[in-house]
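Grab a pencil and work through these exercises on one protein chain. Try each task yourself before you read the solution.

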Amino acid sequence: MSEKLINALNDQYNFEMLSGYYYLAMASYFDSENMRGMSHFMVEQAKEEYEHAMKFYGFINDMDGRVTMQAIPEPKNDYGSFLEVFETALEHEKKVTGRIYDLLKLAEEEKNYPTVQFLQWFVAEQVEEENTMKDILFKLERVQNQFHGLMMVDRELGAR
Ligand code: FEO
């Protein structure tokens, strides 16, 4: 495996960790707004991101690479609305999807088939990740800040 590919996988390991940190910042924002269900959803989302990161961690080691930790930039901590949080989350997931596709392209160029196969799981996962955020956005757009509707969405997300 080329150093370029190992480095790209390591960058993605770090990006998944960063994703978890971003979602924890969203969870904390929801806690400050007493939206416990939405906060719970984001904590679970953060845990998922750390699981994604550990998949990269394991794979890089399996391929005899070395995982290195990079600095994590400060995430966005404040939001103007609940809708804005999920819009940001969807944009973030689209960015992750783009990164996975770029990695896949690189692995294919290098004919590194174990990496191509490893990334397949993430291709499917990203469809799910984007759809989850789209579904929530769809509901929040229709609820339009009505207290009752927001409480319903909050309860639903709390059941994740
Ligand atoms: Fe690990 Fe939500 O992408």
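**Exercise 1. List the order of the elements in the protein chain, from the N terminus on.**

Solution. Walk along the chain and you get α-α-α-α-α. That comes to five helices and zero strands. Here, helices (H or I, at least four residues) and strands (E, at least two) are DSSP runs, numbered from the N terminus. One thing to know early: this is a predicted model, where local features need pLDDT of at least 70, side-chain atom pairs count only at pLDDT 80 or more, and totals for chains, interfaces and linings use all residues. Residues are numbered from 1 along each chain as its sequence is written, and side-chain values use heavy atoms, with hydrogens and water left out.

**Exercise 2. Work out how helix 2 and helix 4 are oriented to each other.**

Solution. Step one: find the helices, residues 36-62 for helix 2 and residues 113-143 for helix 4. Step two: take the angle, about 170°, and the distance between the axes, 12 Å. Axes are lines fitted to C-alpha atoms, for helices over the stretch in contact, and angles run from 0 to 180 degrees between N-to-C directions. Step three: apply the cut-offs (under 35 degrees is roughly parallel, over 145 roughly antiparallel, 65 to 115 roughly perpendicular, the rest oblique). Helix 2 and helix 4 are therefore roughly antiparallel.

Step four: see who meets whom. Contact means heavy atoms within 4.5 Å. Residues of helix 2 including Phe41, His52 and Phe59 meet residues of helix 4, among them Trp121, Met133 and Leu140. By class, this contact has 12 nonpolar, four polar and five charged residues. (Ala, Val, Leu, Ile, Met, Phe, Trp, Tyr, Cys and Pro count as nonpolar, Asp, Glu, Lys and Arg as charged, and the others, Gly among them, as polar.)

**Exercise 3. Classify the ring pairs Phe30 with Phe82 and Phe56 with Phe118.**

Solution. Start with the rule: rings of Phe, Tyr and Trp (its six-membered ring) pair if their centres lie within 6.5 Å, and planes under 30 degrees apart count as stacked, over 60 as edge-to-face and the rest as tilted. The count comes to 12 aromatic pairs. For Phe30 and Phe82, the centres are 5.7 Å apart and the planes are at 50°, so the pair is tilted. Phe30 belongs to helix 1 and Phe82 to helix 3, 52 residues apart. Both Phe30 and Phe82 are buried (under 20% relative accessible area; exposed is over 50%, partly exposed in between, with a 1.4 Å probe and protein chains only).

Now Phe56 and Phe118: with centres 5.1 Å apart and planes at 85°, the pair is edge-to-face. Phe56 lies in helix 2 and Phe118 in helix 4, so this pair ties together parts 62 residues apart in sequence. Both Phe56 and Phe118 are buried too.

**Exercise 4. Describe where Val153 and Gln126 sit and what they touch.**

Solution. Val153 is found in helix 5 (residues 147-158). With a relative accessible area of 6%, Val153 is buried. Leaving aside neighbours within four places in sequence, Val153 is in contact with Met38, Lys139, Leu140 and Val143.

Gln126 has its place in helix 4. Its relative accessible area is 2%, so Gln126 is buried. Not counting residues up to four places away in sequence, Gln126 touches Glu93, Val96, Thr97 and Ile100.
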